[in-house]
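Q: I would like a close look at how one part of this structure sits among its surroundings, with each step of the reasoning spelled out. Please begin with the idea that the reasoning rests on.

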Amino acid sequence: MTVRTRFAPSPTGYLHVGGARTALFCWLFARKHGGQFILRVEDTDEARNTEEARQAIFDGLNWLGLDWDEGPDVGGDCGPYYQSQRAEIYDRYFQKLLDSGRVYESDGAWRFRFERCPVTVHDLVCGDVTIDYTDKSNTPDMVVRRSDGSYVFHFVNVVDDLEMKITHVIRGEDHLMNTPKHLQLIDALGAVAPAYAHIPLIQNENGSKMSKRDLGAAVADYPAQGYLPVALVNFLALLGWSSKTTEEIFSMEELVQRFSLEAVNRAPARFDAEKCSWFNQQHIMKMSDADFSLACEPFVRAAELPVPANFIEIAASIKEKVRLLTEVPSALAFLLVDDFSYEEETVAKVKSNAATAGLLDALVLHLKMISAWSAESAKEAVAAAATANGAKAGQLMFPLRVALSGKHGGPDLAVILTILGKDRVVERVEKFVKLLA
């Protein structure tokens, strides 16, 4: 049996991280088993559907790297992949129910006649869940076709899954109670039901339901905030799924290899924005210097900073210092331009030692005498200047860093000295001495 999963969003808003996580689990399961991942669009709500929302869903999935084998822009044998274009298919299936006496008219609408017996869902995540349809007062017959002729979600959802030969329906746990209805419909149509797996919902850190307005909810916000697609995928994968190891950082290929529905948890997953940023930092550190420079270059240009020929080297110097790509411009601006600001508290700390200005003045003289510039020769000059003035080299290292960067932290001092070169180092130290006066 070829595994076929599907993601069926409604284009009434942006792609929510909950929807993205559902799509990811469907995609991982299909890829793990060499199957197909289908995208279909549930766009029958004409009043709320928008082209902008539809494109946002496509863009979000593409950015995450979740390519679909069948669906819009791709095609396939089971189309069309927009519900709004499948009316003839729904009419045909409705006629089957009509012919078998399983639907009847009620106040202009058509209701599906439930079998009055218990129905058990054998869920791959939640286990067996049974709904007893014996009491009609608790489980009234379900409307499948409205009085205006349109079909309800439960009906078209089932028809599409059958027509598209879906083998595994992986969706949020909020749909679990709908599944017995779907099983009854499938049975009435004389078809075989797919396997079902209902995954836990995503909650905010405080345990409340994550809504569209909550922090981190919109996938579309992540690129501009400086997240890597693989980092968000990694983070979302671990919201409800466990690798059963202490490892947390995975590439897309590793997630495909390790993913299984058996390892999906029942408990709701908590969204932790700080942890998401941590995942991004870990993936940044795993990037090659060239790939990192390509990823952060648009953010540097957007900050109107120059991108010199040695940008790969410059970007690499702060690769392990940032969590988000949006932090890159401020982290390396001092390496790109000579006009930068100083941290007031850091300067005050340097000023607290009255001898610092004199030591830096002496250092300028030693730096100017270097004929073959390198980080090593510069550090030798630091040691020589300190010794000549009865101090230790360590007393100069921190003031020198502040003079060159305006910051208390950042790249290794040797890297800064190498990138800036002799002339810029001397100029910055001289400028800083005047600032201390």
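A: A residue is called buried when its relative accessible area is under 20%, and exposed when that value is over 50%, with partly exposed in between. The model examined here is a predicted one, and the cysteines are a good place to apply the definition.

Cys296 has a relative accessibility of 0%, and therefore it counts as buried. Cys276, with a relative accessible area of 1%, is buried as well. One might then ask how many disulfides a search of the whole structure finds. The search finds zero, and the distance between sulfur atoms shows why for Cys276: its sulfur lies 19 Å from the closest cysteine sulfur, that of Cys296, which is too far for a bond. To judge that distance, recall that a disulfide needs two cysteine sulfur atoms within 2.5 Å. Seen from the other side, Cys296 is likewise in no disulfide, and the nearest cysteine sulfur to it belongs to Cys276.

The cut-off for burial can be carried over to Leu332, a residue of helix H12, which runs over residues 328-336. Its relative accessible area is 0%, so Leu332 is buried. Leaving aside residues up to four places away in sequence, Leu332 touches Val300, Phe311, Ile314, Ala315 and Ile318. One of these partners, Val300, is 32 residues away from Leu332 along the chain, yet the C-alpha atoms of the two are separated by 9.0 Å.

A charged residue gives another case to think through. Asp43, which lies in the loop between strand E2 (36-39) and helix H2 (51-64), is buried but has no salt bridge, and the nearest side chain of opposite charge, that of Arg54, is 4.4 Å away. A salt bridge would require the two charged groups to be within 4 Å, so Arg54 does not qualify. The side chain of Asp43 does, however, reach the backbone nitrogen of Gln83 at 3.1 Å. Apart from residues up to four places away in sequence, the residues that Asp43 touches include Pro11, Asn49, Tyr82 and Ser84.

Finally, burial can be followed along a whole helix. Helix H1 is mostly covered, with 13 of its 16 residues buried. Its length can be checked too: at 1.5 Å a residue, the 16 residues of H1 (residues 17-32) should span 22 Å, and because the end C-alpha atoms are 22 Å apart, the two values agree. Just after H1, Gly34 takes a positive phi of about 65 degrees.

Definitions and conventions. Residues numbered from 1 in each chain as written. Predicted model: local features only at pLDDT ≥ 70, side-chain atom pairs only at ≥ 80, totals over all residues. Heavy atoms only, no water. Helix = DSSP H or I, 4+ residues; strand = E, 2+ residues; numbered from the N terminus. Buried < 20%, exposed > 50% of the residue type's maximum accessible area, 1.4 Å probe, protein only. Lys, Arg positive; Asp, Glu negative; His and termini not counted. Polar contact = N/O pair within 3.5 Å; in protein donor to acceptor, adjacent residues only side chain to side chain. Contact = heavy atoms within 4.5 Å. Expected span 1.5 Å × (residues − 1).
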